[in-house]
Structure formats: C-alpha cells, structure tokens
Amino acid sequence: MKLTKNFNKSEFDSKDGSEMPYDVFLNVQKLANQLQVLRDYLGKSIKVNSGYRSPKHNKSIGGVKNSQHVLGKAADIVVKGIKPQELAVIVERLIDEGEMLQGGIGIYNTFLHYDIGFRGKKRRWDYS
C-alpha cells in the first residue's frame, strides 16, 4: 500500500509481523509524509531501518518503554552517501524552514532517528 509517492506501508511494518493498529497507521502516514519532504529535498531514496515496532518487538530489541516507534511516530533512516550527522543538519534546516515537523532527531553511528512525537517538542541527542 502506497503512503506517499516513494514510501510504502510495508517499509514501516513491525519486523515481527504484528498487525499495525489503525491509530498507529494514521501516525505512520503522517511520518511518511514528513520523510517524503526530506526525500524530495535530497533527490535520493531513504531506507527505513525501523518504523513501527509492536510493543513485543520493541521490548525484544531493548527499545525504551515510551518509544515513539511503538506509536508509529518514529523512523530510523539511512540515506546512501550521507552520514547521519550530515542528515541531521539537513533535517534541522527543513524543520527551521517549516518544511518538516518539529520533533526528535537522534544521531547514531549508522542511522538517523527522526520522530514526530511529544506534541512537536524539540528533542535532540547524539549517540554517534
């Protein structure tokens, strides 16, 4: 099922095969729309390493209890040829310009976490 021009629902499905609840699907749709803005800006494909996580899957991989992934409001992404630190700067710029929603940006060694959770509050962390 297509969510946007370049993103499909399957890219955001929980890795344990759990059904995505409808309220989570609505959040995933909103998140995919934000990632589409980024993809259009970059002109490059975005790989979603982790989107929605069922509570069971989130627990099994050691995810935090209040993870935005469980709500379908977060994605861990990779863009070939762009380091997570560089990608964070681009996302920050798009947020500042009002093109993307304010939320969480987490920098890791191999991916960038972006979320639209916590009612639009700015949250930043760097674990790289």
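Here is a quick tour of this structure, from its strands to its largest pocket and a few residues worth finding along the way. Keep in mind that the model is predicted. A good place to start is strand β3, residues 104–107, which has buried residues on both of its sides. From there you can step across to β4, which pairs with β3 in the antiparallel sense, and to β5, which runs parallel to β3.

**How the strands line up**

- Strand β3 is covered on both faces: Gly104 and Gly106 are buried on one side, and Ile105 and Ile107 are buried on the other.
- On the way from β3 to β4, the chain makes a hairpin through 4 residues.
- Strand β4 takes in residues 112–115, and its antiparallel pairing with β3 runs over 4 bridges.
- If you want one pair to look for between these two, Gly106 has His113 in β4 as its bridge partner.
- Strand β5 covers residues 123–126 and is joined to β3 by 4 bridges, with the two running parallel.
- Here the pair to look for is Ile107 and its bridge partner in β5, Asp126.
- β4 also pairs with β2, in the antiparallel sense and over 4 bridges.
- Across that pairing, Ala74 stands opposite Asp115 in β4.
- β2 has a further partner in β1, again antiparallel, this time over 3 bridges.
- Strand β2 (residues 74–78) is largely enclosed by the rest of the structure, because 4 of its 5 residues are buried.

**The largest pocket**

- The largest pocket holds about 300 Å³ of space.
- It is lined by 16 residues, and the closest to its centre are Val64, Ser67, Tyr108, His113 and Trp125.
- The lining is a mix: 6 nonpolar residues, 7 polar and 3 charged.

**His113, on the pocket lining and in a strand**

- You have met His113 already as one of the residues closest to the centre of the largest pocket, and its home is strand β4.
- His113 counts as buried because its relative accessibility is 7%, which is under the 20% cut-off.
- Its side chain makes a polar contact of 3.4 Å with the side chain of His69.
- Setting aside neighbours within four places in sequence, His113 is in contact with several residues of β3, including Gly104, Ile105 and Gly106.
- Tyr108 and Trp125 are also among the contacts of His113, and both of them are listed with the residues closest to the pocket centre.

**Leu112, right next door**

- Leu112 lies in strand β4 too.
- With a relative accessible area of 1%, Leu112 is buried.
- Leu112 and Leu87 are 25 residues apart in sequence, yet their C-alpha atoms are 7.2 Å apart in space.
- Beyond residues up to four places away in sequence, Leu112 touches a list of residues that includes Ala75, Ile77, Leu87, Val91 and Ile105.

**Ser50, over in β1**

- Ser50 sits in strand β1, which spans residues 47–50, and its bridge partner in β2 is Asp76.
- At 10% relative accessibility, Ser50 counts as buried.
- The side chains of Ser50 and Arg53 make a polar contact of 3.0 Å.
- Not counting residues up to four places away in sequence, Ser50 touches His69, Ala74, Ala75 and Asp76.

**Met100, in a loop**

- To find Met100, look in the loop between α3 (84–96) and β3.
- Although it is in a loop, Met100 is buried, with a relative accessible area of 5%.
- Met100 and Ile116 are 16 residues apart in sequence, and 9.3 Å separates them in space, C-alpha to C-alpha.
- Leaving aside neighbours within four places in sequence, the contacts of Met100 include Gln34, Val37, Leu38 and Tyr114.

**Met1, at the start of the chain**

- Met1 belongs to the segment before α1 (22–42).
- Is Met1 buried or exposed? At 64% relative accessibility, Met1 counts as exposed.
- Not counting residues up to four places away in sequence, Met1 touches Asn8, Lys9 and Phe25.
- Met1 and His113 are 112 residues apart along the chain, and their C-alpha atoms are separated by 23 Å.

Note on methods. Residues are numbered from 1 along each chain as its sequence is written. This is a predicted model: local features need pLDDT of at least 70, side-chain atom pairs count only at pLDDT 80 or more; totals for chains, interfaces and linings use all residues. Side-chain values use heavy atoms; hydrogens and water are left out. Buried means under 20% relative accessible area, exposed over 50%, partly exposed in between (1.4 Å probe, protein chains only). Two strands pair if DSSP finds at least two bridges between them. On a 1 Å grid over the protein atoms alone, a cavity is a set of points where a 1.4 Å probe fits but cannot get out, and a pocket is an open set with protein on both sides within 12 Å along at least five of seven lines; lining residues have an atom within 4 Å of a point. Grid points are joined across faces, edges and corners, and a volume is the space filled by probe spheres set on the points. Ala, Val, Leu, Ile, Met, Phe, Trp, Tyr, Cys and Pro count as nonpolar, Asp, Glu, Lys and Arg as charged, and the others, Gly among them, as polar. A polar contact is a pair of N or O atoms within 3.5 Å; within protein, one must be able to donate a hydrogen and the other to accept it, and residues adjacent in sequence count only if both atoms are side-chain atoms. Contact means heavy atoms within 4.5 Å.
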